[in-house]
Amino acid sequence: MPSTSTTSQDKCPGLVVGLTGGIGSGKSTIASHFEALGIDMVDADVLAREVVEPGAPALDAIAQHFGQDFLNPDGSLARQRLREAIFADPAQKDWLEGQLHPLIATLLEERLAACQSPYCLLVSPLLLETSQRQLVQRILVVDVSESTQLERTLRRDQESDPETIRAIMAAQIGRDSRLQQADDILDNEGPEEAIRQRVEALHRDYLKLAEDYEATEAS
Ligand code: ADP
């Protein structure tokens with residue numbers, strides 16, 4: 001019997017919608033609205049932390065490459081130190097990404113395969129910059145002005161400073177280029193209630209697209 005509800009047992013993939021945007025654009029906030037509608041999501045930032053947890057192979061490789069002083073006394077990664085090291089040296093950044101991105105991609109694929117909702121979300125700040133974009137069939141970009149990004153990130157991350165946030169923004173793909181690659185754009189400048197309604201409209205569209213996608217895949 002065909003299922004029409006969001007509790008369909010059909011598995012992702014299934015349609016995978018990639019949700020991306022710059023730092024502070026509102027990815028996590030918007031992803032939580034989709035989750036409230038019953039949609040499973042996989043968050044690349046969460047997996048990026050998972051692959052460097054104590055006991056994970058990437059952490060050993062990092063300690064061997066950069067030195068044991070890149071670990072905290074409790075054995076966890078000294079993140080700030082590593083951030084500074086790769087910021088100062090692009091070759092080290094390439095090395096680190098070469099280690100981490102394949103591990104993250106493998107985990108992403110595993111977690112997406114376990115999704116149960118009619119379509120799934122892959123939430124990632126680096127969707128368009130990495131091979132992660134090959135895992136999605138549709139790209140949703142959350143868009144705000146650069147000044148809103150800065151203001152909201154500063155409000156959220158109280159210990160952050162404007163220079164660091166500007167540097168992160170500068171290292172991410174530019175706003176125009178991101179927008180050019182979008183299938184859907186969610187303007188997140190307005191109040192959260194308006195955004196919730198826009199998410200509901202997109203959700204209805206994605207449910208239809210997911211049905212079409214599955215029909216095409218099955219034929
Ligand atoms: P990202 O995941 O893209 O870095 P977040 O979802 O964490 O961004 O949003 C950044 C900050 O902006 C958070 O503190 C969030 O509560 C706030 N925020 C998100 N959307 C809105 C909105 N439409 N209006 C006001 N504040 C918002």
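Trainee: What makes the sulfur of Cys-115 too far from the closest cysteine sulfur, in Cys-120, for a bond?

Mentor: A disulfide is counted when a pair of cysteine sulfur atoms lies within 2.5 Å, and the sulfur of Cys-115 is 3.6 Å from that of Cys-120, so the distance is too far for a bond. By this rule the count comes to zero disulfides. Please keep in mind that this is a predicted model, in which local features need pLDDT of at least 70 and side-chain atom pairs count only at pLDDT 80 or more, while totals for chains, interfaces and linings use all residues. Residues are numbered from 1 along each chain as its sequence is written, and side-chain values use heavy atoms, with hydrogens and water left out.

Trainee: Is Cys-115 buried or exposed, and how do you know?

Mentor: Buried means under 20% relative accessible area, exposed means over 50%, and partly exposed is what falls in between, with a 1.4 Å probe and protein chains only. Cys-115 has a relative accessible area of 4%, and therefore counts as buried.

Trainee: How many salt bridges does a search of the whole structure find, and what makes Arg-138 and Asp-184 one of those pairs?

Mentor: The search of the whole structure finds eight. A salt bridge requires a side-chain nitrogen of Lys or Arg within 4 Å of a carboxyl oxygen of Asp or Glu, and the side chains of Arg-138 and Asp-184 meet at 2.9 Å, N to O, so the pair satisfies the rule. Arg-138 lies in strand β4 (residues 138-143) and Asp-184 in strand β5 (residues 184-187), which means that the pair ties together parts 46 residues apart in sequence. Such strands are DSSP runs of E with at least two residues, just as helices are runs of H or I with at least four, numbered from the N terminus.

Trainee: Why is Arg-138 called partly exposed, and why does Asp-184 count as buried?

Mentor: Arg-138 has 22% relative accessibility, and so counts as partly exposed, whereas Asp-184, at 12%, counts as buried.

Trainee: What makes Glu-193 and Arg-196 a salt bridge, and where do the two residues lie?

Mentor: Their side chains meet at 3.2 Å, N to O, and that value is set against the limit of 4 Å, so the pair counts. Both residues lie in helix α9 (residues 192-218), three residues apart, about one turn of the helix. Glu-193, at 46% relative accessibility, counts as partly exposed, and Arg-196, with a relative accessible area of 35%, is partly exposed as well. Arg-156 and Asp-157 also form a salt bridge, with the closest N and O atoms 2.9 Å apart.

Trainee: What are the angle and the axis distance between helix α4 and helix α5, and why is one helix called oblique to the other?

Mentor: Helix α4 (residues 79-88) and helix α5 (residues 90-113) pack at an angle of about 120°, with their axes 5 Å apart. Axes are lines fitted to C-alpha atoms, for helices over the stretch in contact, and angles run from 0 to 180 degrees between N-to-C directions. Under 35 degrees counts as roughly parallel, over 145 as roughly antiparallel and 65 to 115 as roughly perpendicular, with the rest called oblique, and the angle given therefore makes α4 oblique to α5.

Trainee: Which residues make the contact of α4 with α5?

Mentor: Contact means heavy atoms within 4.5 Å, and the residues are Leu-82, Ile-86 and Ala-88 of α4 with Pro-90, Gln-92, Lys-93 and Leu-96 of α5.

Trainee: Where does Phe-66 lie, and how do you know that Phe-66 counts as buried?

Mentor: Phe-66 is placed in helix α3 (residues 57-66), and at 16% relative accessibility it counts as buried. Leaving aside neighbours within four places in sequence, Phe-66 is in contact with Leu-82, Ala-85, Ile-86, Gln-92, Trp-95 and Leu-96.

Trainee: What makes Thr-153 buried, and which residues does Thr-153 touch?

Mentor: Thr-153 lies in helix α6 (residues 146-156) and has 1% relative accessibility, so it counts as buried. Not counting residues up to four places away in sequence, Thr-153 touches Ile-23, Gly-24 and Ile-165. The C-alpha atoms of Thr-153 and Ser-25, 128 residues apart along the chain, are separated by 8.3 Å.
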